[in-house]
Amino acid sequence: MGAAVHSGNRRGTKIVVKDDAEEKKFNNNTKDLLDIMAFYSRVSGSVGVITLQNPPVNALSAAVRQGIVDTMHRALSEPEVKSVVICGQNGKFCGGADIREFRANMRGPPLVPMIHLIEAAEKPVVAAIEGVALGGGLELALGCHYRIAHSKARLGLPEVTLGLLPGAGGTQRLPRLIGVPAALELITTGRHATAAEALQLGIVDEVTDHSAVDAAVKFAQSVAGKSLDARRISTYPCPRSPDLAEIFEKAMQEVRRSARGAIAPVTCVQAVHASVTLPYAKGMERERELFSTLFTSGQAHALQYYFFAQRAVSRWSTPSGARWDTSKPRPVHKAAVIGLGTMGRGITVSLAQAGLSVVAVETQEKQLLEAKQAVSGMLERSAKRRGAPLAHDKIKYSCSIQAVADVDLVIEAVFEDMALKKTIFQQLSGICKPGTFLCTNTSGLDIDELASQTQSPELVVGMHFFAPAHVMKLLEVVYGPRSSPEALATAMEMGKKMGKVSVAVGNCRGFVGNRMLKPYLEQAFFLLEEGATPEQVDQVLEEFGFAMGVFKVSDLSGLDVGWKVRKADGLVVPGSTGKSARIRGGSRYSPLGDLLCEQGRFGQKTGRGWYQYDKPGGRVAKPDPWLHGFLEEYRARHGLVARRIDHQEMLERCLYALINEGFQILQDGIAAGPEDIDVIYVLGYGWPRHRGGPMFYAGLVGLDKVLERLEHYHQVYPNVSGLKPCSLIRKLAASSSPPIHRWREFIQKPRSQL
Ligand SMILES: CCCCCC/C=C/CC(=O)SCCNC(=O)CCNC(=O)[C@H](O)C(C)(C)COP(=O)(O)OP(=O)(O)OC[C@H]1O[C@@H](n2cnc3c(N)ncnc32)[C@H](O)[C@@H]1OP(=O)(O)O
C-alpha cells in the first residue's frame with residue numbers, strides 16, 4: 001500500500017491515505033475507529049478504496065451513507081485516483097439499509113441520490129462483494145459499474161420480507177440487468193442467491209475464491225480510463241419481450257395466492273412492471289410512490305418488528321435470572337432419540353443433518369425397520385433438495401434402550417402418555433452416563449413430573465418440536481423449576497445447530513403455544529354451537545392470513561390427539577345429556593370434538609372430521625352435509641338457537657381469547673416477553689408473519705380496544721373463563737397502552753427456583 005496522510009471530518013467519515021505500518025497503528029486506535037462509518041484509503045497509488053464500517057453487517061445507517069458520499073467526492077476529486085473500489089469491513093459487503101432507522105426520523109443523505117452519484121461517476125467504481133449484499137447493499141452494488149463477488153457471498157433483495165420493496169432503484173435496475181422473470185422472482189420472494197447463481201444471472205461480473213477486495217482492486221486498475229457508457233444500468237433499455245403481459249399476470253396470480261393478504265409482494269410486482277412501461281426516471285418516481293405506501297403500512301411495521309423478535313428470542317432469560325450470556329451450553333456430539341413415530345423420525349433426521357451421531361431406538365423390530373426406511377427416504381429427499389451430503393451413516397438403529405448409555409443427550413419422543421414417559425425417564429436415569437441431558441418432546445405434559453423420575457432432575461428439559469420436525473423451524477425449549485441453566489443453554493444451542501429458532505419457555509400445561517391454542521379452539525367450538533359452520537370460521541381465519549383455518553388444522557393433526565388429552569383430564573363424559581353435557585368445572589364446555597371422535601371421525605387420516613375427504617389420508621377438505629346435519633341436530637338437542645354470526649365476531653372471539661391467554665402467560669412468567677410468544681405463533685402455528693404475531697397484533701389493534709371487546713364478550717358469556725380479561729392487559733391499557741418493547745416493565749417478576 002502507498003504513502004499515508006490521515007484526515008478526518010466530523011460527520012462519521014474518516015478519509016485516510018495510508019501505508020501498511022501506519023494502518024496497524026491506526027487500527028489499534030479503537031477510539032478513533034468508533035465513529036468511522038466509511039473508511040477511505042488509497043491502494044497502489046491509483047485505486048481509492050471505500051470500506052463500509054458498521055458492524056455487524058455494515059448496514060447503511062445515516063453515518064455510513066454520509067461516509068460514502070464524502071469518500072466518493074474525495075475519490076472523484078483526487079487526480080491520482082483513476083478508479084474506486086467499494087467494500088465492507090470484516091468480510092461483509094453490506095446488509096442493506098439500517099432497519100432500526102426506519103422507525104426513527106430519517107436523517108443523512110438519502111440512498112437514491114447517493115447511488116446515482118456513484119453510477120454517474122466518470123471513474124469506474126467496482127463493488128467487492130464478500131459475505132452479503134442484501135437490499136440497499138445490493139442496490140448500492142447495482143449502482144457501481146462492476147461487481148466482483150466472493151464465491152461464498154449471498155446476494156438478494158429481501159425487502160419484501162420486511163414489508164417493503166427495493167426502494168433505491170432495485171426494482172428498476174435489476175430487471176434491466178437480468179430480465180424481468182428472474183428479477184421478479186428474486187424481488188417477490190426476497191430469497192438470497194449464491195455468488196455462482198448471481199454470476200449466471202449476470203448480476204456479478206466475476207466470482208473469486210480468494211479476496212474479493214484484492215480481485216476488485218486488480219479489476220479496477222484494469223478498467224481505469226475505459227468508457228463507462230455501457231456500464232450504467234439505469235441507461236439500459238426497458239426490458240421487452242412479447243410475453244411480458246403474460247409474465248406479469250402469472251407473477252401477480254402467484255403472489256396473490258401465496259401472500260395470504262401481504263401487500264408487499266403485490267406491490268413489488270407493480271414496481272417491476274414500471275421498469276417495463278416507463279423510462280428509468282419515471283420508473284424511479286413510481287418506485288418511490290409505491291415504496292412510500294408500504295413504508296408507513298402496519299404490515300411493514302409488523303414484519304420489521306418480527307425480524308428483530310426472531311433474533312431477540314436467542315437472548316433468553318428466566319424469572320430466576322438465568323441468562324443466555326451467563327449460561328454456557330455443554331458440547332453434544334452424540335444424541336439419542338427414543339420412539340420413532342412421526343416426531344421421532346423427524347427429530348432423528350434433524351440431528352443427523354446437524355452433524356451429530358444419533359442412536360435411534362424403537363422397541364419392536366418391525367417398527368424399527370419401517371422407521372429406518374422412512375428416515376432414509378427423508379434424508380435422501382432432503383439431501384437432494386439442499387444439495388448436501390447424505391447423513392445415513394450418522395445414525396445407528398437399535399431395539400434396545402441400553403444403546404443410549406454413552407450419548408450426551410437423549411430426546412424422548414414416544415406417545416403423549418405420562419405413565420409411559422415416566423417409565424422411560426426412570427430407565428434413562430439408570431442407563432445413561434452421568435451428565436447426560438434428558439429431554440422430552442412432550443407437547444404439554446409436566447416437565448417437573450418427568451424430572452422427578454430421575455436421579456438428576458437438573459438435567460431434564462423439554463424440547464417441543466413441531467411436525468414435521470425436520471421441516472418446521474420452531475423449537476420450544478421448556479425449563480422446569482429444577483432444570484439447570486446449563487441444560488437449558490444446551491437445548492437452546494442444540495436447536496440452533498439443527499437450524500431451528502429456539503424459544504425458551506417455562507413449564508406449564510401446554511407451555512406457550514398449545515396453552516394459547518386451547519381458548520382459541522374453545523371459541524371455535526362455541527361458534528359452531530351458536531350457528532357457524534367449520535367452513536365459515538375457517539374462511540374468516542384464512543382471510544386474516546392463517547395458512548389454514550382452525551378446523552382444517554384440527555383435521556390435519558387428528559382430532560383424536562386432543563380427545564386423548566381430554567379423556568386423560570377427565571373431561572370426556574360419553575352419553576352425557578342435558579345442561580351438564582356442556583359444563584365442566586363450572587365453565588362452558590363444548591363436547592363437539594368428543595362426539596366426532598366417538599363417531600370415528602379423526603380428520604384426514606379417517607377421511608372424515610370437520611370436513612370430508614375423498615379417502616382416508618385425503619388432503620382436500622370438502623364441506624360435509626353430514627356434519628351440517630349433525631350440528632343442527634346437536635343444537636336442537638341442547639336447545640341452542642342458531643344465529644347468523646358476523647365475521648368480526650368470529651375473528652374477535654377466536655383471536656382475542658388466544659391473545660388474552662398470551663397476556664396471562666406473560667403475567668405468569670412462562671414467556672419472558674411478547675417477542676417469544678409472537679415467534680412461537682408465527683413459526684409454529686401459521687400466524688401470518690405480516691401481522692407480527694398475536695401480541696404485536698394486539699398492540700396494533702389497540703390494547704384498550706382488545707380489552708373493551710374481551711369485556712363485552714365476557715359479559716355475554718360469563719361462564720367462559722378464557723374471555724375474562726387478565727390483569728396484565730388491564731394494567732397496560734390503564735397505563736396508556738405503552739409500546740410493545742416496554743411491556744416487560746409492567747410484568748411483576750414471578751419467583752422461580754431455576
Ligand atoms: C424513498 C427511498 C428510500 C430508499 C430506502 C431504501 C431501502 C432499502 C431497504 C433495505 O435495504 S431493507 C434491509 C434489507 N436487508 C435485509 O433484509 C437483511 C437483513 N439481515 C439479514 O438477513 C441477516 O442479518 C444477515 C445480513 C444475512 C446476517 O445474518 P446473521 O445470521 O449472520 O446475523 P443476524 O443475527 O441475522 O444479524 C446480526 C445482527 O445484525 C442486525 N442486522 C442485520 N441486518 C440488519 C440491518 N439491515 N439493519 C439493522 N440491523 C441489522 C440483526 O438484527 C442482528 O442484531 P440483533 O441485535 O441480534 O438483532
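UniProt positions are given here in the numbering of this structure, and its annotations may be inferred rather than shown by experiment. With that in mind, turn to the model, which is predicted.

An unreviewed UniProt entry lists residues 334–507 as "domain: 3-hydroxyacyl-CoA dehydrogenase NAD binding". The C-alpha atoms at the two ends of residues 334–507 lie 26 Å apart. Helix makes up 38% of this span, and strand makes up 23%.

Now look at helix α12. It runs over residues 280–295, 16 residues in total. From first C-alpha to last, α12 reaches 22 Å, close to the 22 Å expected at 1.5 Å a residue. Which residues of α12 are buried? They are Y280, G283, M284, E287, L290, F291 and L294. These buried residues lie on the same side of α12, because they cover an arc of only 130° around the axis. An α-helix has 3.6 residues a turn, so residues three or four places apart point the same way. The other side of α12 carries exposed residues: A281, K282, E285, E289 and S292.

What covers the buried residues of α12? The cover includes α6 (170–178), α11 (264–277) and α13 (298–312).

Next comes the ligand. There are 25 residues around it. Of these, G95, G96, A97, G135 and G136 come nearest. Four elements give two or more residues to the shell around the ligand: α4 (111–120), β7 (132–134), α12 and α13. So how does the shell divide by class, given that Gly counts as polar? The shell around the ligand has 15 nonpolar, five polar and five charged residues.

Terms used. Residues numbered from 1 in each chain as written. Predicted model: local features only at pLDDT ≥ 70, side-chain atom pairs only at ≥ 80, totals over all residues. Expected span 1.5 Å × (residues − 1). Buried ≥ 20, exposed ≤ 12 C-beta atoms within 10 Å, placed from the backbone. Arc of directions from axis to C-beta. Contact = placed C-beta atoms within 7 Å. Near = placed C-beta within 6 Å. Nonpolar A, V, L, I, M, F, W, Y, C, P; charged D, E, K, R; others polar.
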